Amino acid sequence: MDRQGLEPGFDLLLLDCRLPDGRAADIGCLGGRIAALGPLQERPAAQRLSCGGCAVTPGLVDCHIHLDKALLSERTPSREGTLAEAIRITGEAKRNFTIEDIRRRARAVLDLAVRSGTTAMRSHVEVDPIVGLNGLEALLPLRREYAPALDLQLCAFAQEGILQAPGTEALLAEALRRGADLIGGCPYNDTDPFGQIDIVFRLAREFGVDADFHVDFFDEPEHLHLRYIAEQTVRHGWQGRVALGHCTELGALAPPDLEPIAAELKAAGVGVITLPATDLYLMGRKDSHRVRRGLAPIKRLLAAGVTVAAATNNVCNAFTPVGNANLALMGFLLTLGAHMGTAAEQADVLRMLTDQPARLLRLPDYGLAVGCQADLVVWEARSVAEIAATLAPPRTVVKRGRIAVEHTRSVREPWREGRG
Ligand SMILES: [Zn+2]
């Protein structure tokens with residue numbers, strides 16, 4: 001209220017929205033934030049957008065993607081379809097990456113993501129003696145370029161290992177010095193997984209950054225490196241700052257064996273990121289029949305109170321030959337792959353694309369409440385359940401209270417006029 005008792009106007013007013021909890025409301029945005037929720041149609045606004053009762057969510061958060069090795073399928077056709085082959089042939093392709101090449105492919109994926117309603121993202125960037133710091137050099141300027149549409153975190157990632165790839169540790173430190181937001185390890189691909197985890201935590205502490213591991217990416221629970229990671233997280237006081245991608249080995253554990261591990265993850269504040277497109281594609285390859293789905297045990301982890309998010313991971317390369325950076329597609333896959341079709345489970349699926357990854361990325365003021373950053377998506381859907389269920393397309397994407405993307409769609413159906 002100003003001194004005359006007049007209520008202030010908004011920069012942007014979204015009228016007639018359906019909130020995730022089913023309530024109808026208008027959303028007033030001011031100064032990049034949600035300033036009011038409720039019946040606001042009488043209030044002045046610089047820009048008004050009629051949403052016609054469509055579902056509105058906070059912006060989607062893709063918390064694990066690889067921009068630097070996306071869109072490589074034509075260069076790296078796979079023959080075996082295994083993880084080992086994907087690492088090998090992508091490593092070979094990486095020798096020919098140039099900064100311009102990486103940046104061009106990354107922009108193509110970022111454009112797809114923004115148009116699909118993603119307003120925050122964490123991308124891994126490979127840092128190793130093969131590609132050096134070219135990936136980081138390619139992606140760092142994109143953080144600023146895409147800031148009006150998407151918040152981008154860059155994770156300096158040791159895909160080729162650290163101890164088995166001499167020089168990587170110094171390169172990771174240099175990447176953090178040059179502006180990488182956090183550090184990523186891959187203990188399954190190293191001669192001493194525990195030694196690698198120690199190095200990652202040492203660098204995380206030295207630079208005061210979060211850590212994100214690709215971990216336990218196999219069918220059988222033969223590694224379970226995540227237990228050591230949870231232990232080190234507590235030891236270093238890094239609770240709430242560590243995320244683990246894949247964790248498919250957990251899917252092979254019977255409930256009594258998973259229970260103590262889930263409790264360790266929860267107690268350590270370590271989050272799990274399921275990557276359904278890649279995991280469905282690469283896991284279960286040795287099964288001749290009764291082929292495993294190969295996903296982390298999402299429902300059991302959620303029930304144990306672990307933060308679980310779902311993310312895109314790879315887009316059209318040897319690790320995942322399909323994809324379009326549409327995060328709703330991961331919700332669609334989880335609904336089928338993880339048996340998450342009830343109303344409560346569908347609500348969990350949406351949380352795994354919004355609140356849960358926002359927590360892992362420690363995004364400040366995320367959500368659909370007064371005071372939150374106004375990152376919003378208006379969907380061509382009457383309820384949020386339709387987003388994953390029908391792959392409902394976004395209509396409008398709002399970033400910090402400004403319209404970032406407006407989709408216009410039209411269809412002609414001459415067949416209805418009897419003209420075929
Ligand atoms: Zn990954």
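Which residue is the bridge partner of Leu30 in strand 3? Before selecting anything, keep in mind that the structure on screen is a predicted model. Now select Leu30 together with Arg33, for Arg33 is the bridge partner in question. From this pair, extend the selection to residues 24–30, which make up strand 2, and to strand 3; the two strands run antiparallel and are joined by five bridges.

Next, widen the view to the whole sheet, an open one in which four strands follow the order 3-2-1-4 with mixed pairing. Its edges are strand 3, residues 33–38, and strand 4, residues 45–50, each of which pairs on one side only. If you look across the sheet, the twist from one strand to the next averages 20°.

Leave the sheet and select the zinc ion, then display the side chains of His64, His66, His214 and Asn313, whose donor atoms (NE2 in each histidine, OD1 in Asn313) lie 2.1 to 2.2 Å from the metal. The angles that these four donor atoms subtend around the zinc ion run from 86 to 174°, so the arrangement is irregular; a tetrahedral assignment would need all angles between 85 and 135 degrees. Along the sequence, the donor residues follow the spacing H-x1-H-x147-H-x98-N.

Keep His66 and Asn313 selected, and colour the chain by position: His66 sits in the loop between strand 6 (60–65) and helix 1 (83–94), whereas Asn313 sits in the loop between strand 13 (308–310) and helix 10 (327–337), so that the pair, 247 residues apart, links distant parts of the chain.

Finally, switch on the surface. Are these two donors buried or exposed? His66 counts as buried because its relative accessibility is 2%, and Asn313, with a relative accessible area of 2%, is buried as well.

Note on methods. Residues numbered from 1 in each chain as written. Predicted model: local features only at pLDDT ≥ 70, side-chain atom pairs only at ≥ 80, totals over all residues. Heavy atoms only, no water. Pairing = 2+ DSSP bridges. Axes fitted to C-alpha atoms, helices over the stretch in contact; angles between N-to-C directions. Donors = N, O, S within 2.8 Å, 3.2 Å for Na, K, Ca; no water. Tetrahedral: all angles 85-135°; square planar, octahedral: opposite > 155°, others 65-115°. Buried < 20%, exposed > 50% of the residue type's maximum accessible area, 1.4 Å probe, protein only.
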